[in-house]
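Reader: Hey, can we walk through this one together? I'd like the contacts and the burial picture.

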Amino acid sequence: MHEVFLKSLNKLQLEAATFGAGPLLVLAGAGSGKTKVLTSRIAHLILNGKMEPKKILAATFTNKAAREIKERLVPFIGERTEELWAGTFHTIGLRVLREEKKAAGDAAELTIYDEEEQDLLIRLVMSEMSINERDVPYKAARFEINMAKNSDLGPEDLACKSKHLFADVIAAIYREYEKRLAAMNALDFGDLICKPLKLFRQRPEVLEKYRERFDHILVDEYQDTNGSQYRLTKTLAGKKRNLFAVGDPDQSIYGWRGATIENILNFKADYPEARIIKLEQNYRSTGNILSAANSVIKNNGERLEKTLWTDNLGGEPVHYEECLNEYGEARFVVDRVRNLMAMNPGTGYRDFTVLYRTNTQSRPFEEMFFEEGVPYTIVGGYRFFDRKEIKDALAYLKALRNPDDSLNFLRIINVPPRGIGRAALEKAHSIARAENLSLYGAFRRGVEDGVFKNESVREFIGTFENLRSEISVRPLHEFTRRVLDLTGYLDMWAEKKTEDAAERIKGLDGLVAAIKNYEAGNPKATLADYLNLVSLMSDADSYEDKYNRVTLMTIHSAKGLEFPYVFMAGMEEGLFPHKRSIDGETVEEERRLCYVGMTRARKELYLLSAKQRASGKETNTAAPSRFLKEIDPAFIRVKEPPPEGRAEDHIAKIRKLLGS
DNA sequence: GTAATATAGCTTTTT
DNA sequence: GCTATATTAC
């Protein structure tokens, strides 16, 4: 009990951090020091319990959270943090699969498919099966397949259990989809959890190895784990039952992704001997913010009773401002940021964040911030790696590294247009089917057999093979540059005179620079390592607060973060709670999301709504969100008169208009 | 057979 | 506002 890192813990936090063996569930309210307890516990296990770092498994929600845990542990265990198995469930699953593939002597690399690639494959499968989009929209098929994987269900289970009208058709799509993924050495996100489970079922000796390896398993954000992740956790915990789960049912906001609160609610049923510790003291927010948030979450039905409290009484009341439209919201934020910075020396742009329900809401803020010269960063939304040119470039890299990946090969074979159209593709497809080859294999066979009269096919396959032989002989960024040059992809954009072409080229330069940067930090990394990293990287992972800028992000992305000043924009019926959640009867999850957003704030919380909001071509009028009405009036101040300093702003603006 | 151009369709949250 | 698709042009 002498360790320094335990000193700053309160009684309950200390009990959780130093808990001995066996299952423990920590119900940790917002701002109750959850991460501190988690890291303290790991440090305690290693320093006091003499545990090997490599025998500890910590599953977090984002890679960034895992990185933070490691960083916090460095002062105590130094570079041994690298031995820890810390990462998202997906990262951990991939690590197991790669390790076992290698152990089995299989050198082939796995490719991870994101949602876009998943959709392409599903649509390809559906068209080959002649399934009408009108009967089964591909998005419905994707949803059902993903939900099945979230619960560790195969095609047969889906056929029985899905409530979908065409459940048996979707099950057939699922079966074919699985076959194709396997042939391409590809995995979707769900597979990263399901395939390890399958492996453990089929090979008990492999499972035994991992059970032996992990003495302690810690799971963060337990309220947002899905059925498969739960099963994986339980499977690995095995007989040792050293499972430490931390979560807050009130912050469960990923139900749409298959997360089930039941994992928390049933903990005691699975582990009757479990100790349950509630952390209810909040160290983050003022009393007013906390009380306002509590008065909202109270309106949810089935809750585990939990009352968050704080010593930090009072503070500014939560401020609600009804604006004219979305630009009014942005205007308000700019004015308020400037005022608060002027009145509070030492406060910087980094202390402010704007949270919203949907990514599209960021636009008016971007415009206004840009015009007004307010520095900002956006987390999420249109990600760099989602840009078309980046996706194309990565498709080249993926196809080169894993030539079985027919989907990405198909994506790039005629980009730039090189005269390989439908006819050539049909030919290759029939060879592939007849000879049981990948698309690339079929093209190669066709070229060898002289099937293609088209010279450009021979040429491209030649280029492709040459590039393949260069993969591991050059640094990655050089290789990437060469791919972009030799395939003519860069020239394709260079020759275009459109305005966006220059942007695309910039994007590609950015990719090469990013890869170079990655190589500098990871000298031993392979192309496969880089591609996997990109696939598993989340928006939150790339968020850095080292820049002194206002942050813009969705409330989902803000999970686990905190800021002195928080603006929640778009507090309107139909937007928040979102219309689709009202229709789908998941308003309680929206309410939890609102709770998550409000509890991000340390000092001051501003809630904004717009009377009118442009959406697409039309402008909608919306009523203020029901969540606003749920806030106890004692803690909220509605539309305070404009603070001082604003008048000067107006004078300055008039001066500017007059050009003086 | 392939490429360039116009049109429709969609934007809840993301590992 | 952006991309996949359908249509027309070469």
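Author: Here is a short run through salt bridges, helices and DNA contacts.

Reader: Before I trust any numbers, what am I looking at?

Author: This is a predicted model: local features need pLDDT of at least 70, side-chain atom pairs count only at pLDDT 80 or more, and totals for chains, interfaces and linings use all residues. Residues are numbered from 1 along each chain as its sequence is written, chains are lettered from A and ligands numbered from 1 in the order in which they are written, and side-chain values use heavy atoms, with hydrogens and water left out.

Reader: Ok. How many salt bridges?

Author: The count comes to 61 salt bridges, where a salt bridge is a side-chain nitrogen of Lys or Arg within 4 Å of a carboxyl oxygen of Asp or Glu.

Reader: Where do R411 and E116 sit?

Author: They pair up in a salt bridge, with the closest N and O atoms 3.0 Å apart. The pair links distant parts of the chain, as R411 is in helix α18 (residues 406–412) and E116 is in helix α5 (residues 115–128), 295 residues apart. Helices here are DSSP runs of H or I, at least four residues, and strands are runs of E, at least two, numbered from the N terminus.

Reader: Is E116 buried or exposed?

Author: In between: E116 counts as partly exposed because its relative accessibility is 36%. Buried means under 20% relative accessible area and exposed over 50%, with partly exposed in between (1.4 Å probe, protein chains only).

Reader: Which side chain does E68 meet in a salt bridge?

Author: K64, at 3.5 Å, N to O. Both E68 and K64 lie in helix α3, 4 residues apart, about one turn of the helix. E68 is partly exposed at 32% relative accessible area, while K64 counts as buried at 13%.

Reader: And D191, what does it bridge to?

Author: D191 forms a salt bridge with K195, with 4.0 Å between the closest N and O atoms. They are 4 residues apart in helix α9 (residues 191–202), so about one helical turn separates D191 and K195. D191 is buried, with a relative accessible area of 1%, and K195 counts as partly exposed at 21%.

Reader: Which residues do shared salt-bridge partners join into one network?

Author: K34, D220, E221, D224 and K559.

Reader: Back to α9. How far does it reach?

Author: Its 12 residues reach 15 Å from first C-alpha to last, close to the 16 Å expected at 1.5 Å a residue. That expected span is 1.5 Å times one less than the number of residues. Among the buried residues of α9 are L192, I193, C194 and F200.

Reader: What about α2, mostly covered or mostly open?

Author: Mostly covered, as 11 of its 14 residues are buried. The buried ones include K34, V37, R41 and H44. Helix α2 (residues 34–47) reaches 20 Å from its first C-alpha to its last, close to the 20 Å expected.

Reader: Switching to DNA. Which residues come nearest to strand B?

Author: Of the 25 residues around DNA strand B, K139, R357, G419, S538 and R580 come nearest. Sugar and phosphate account for 64% of the atoms of DNA strand B that come within 4 Å of the protein. A residue is near a strand if one of its heavy atoms lies within 4 Å of it.

Reader: What does R580 approach on it?

Author: A polar side-chain atom of R580 lies 3.1 Å from a phosphate oxygen of DNA strand B. R257 has a polar side-chain atom 3.3 Å from a sugar or linking oxygen of that strand. For H578, an N or O atom in the side chain is 3.4 Å from a sugar or linking oxygen of DNA strand B.

Reader: And which residues are around strand C?

Author: R123, K388 and R504 are around DNA strand C. A polar side-chain atom of R504 is 3.5 Å from a phosphate oxygen of DNA strand C.

Reader: Last one: where is E302?

Author: E302 is in the loop between α14 (287–297) and β9 (318–323). It counts as exposed because its relative accessibility is 84%. E302 and I631 are 329 residues apart in sequence and 19 Å apart in space, C-alpha to C-alpha.

Key
Polar contact = N/O pair within 3.5 Å; in protein donor to acceptor, adjacent residues only side chain to side chain.
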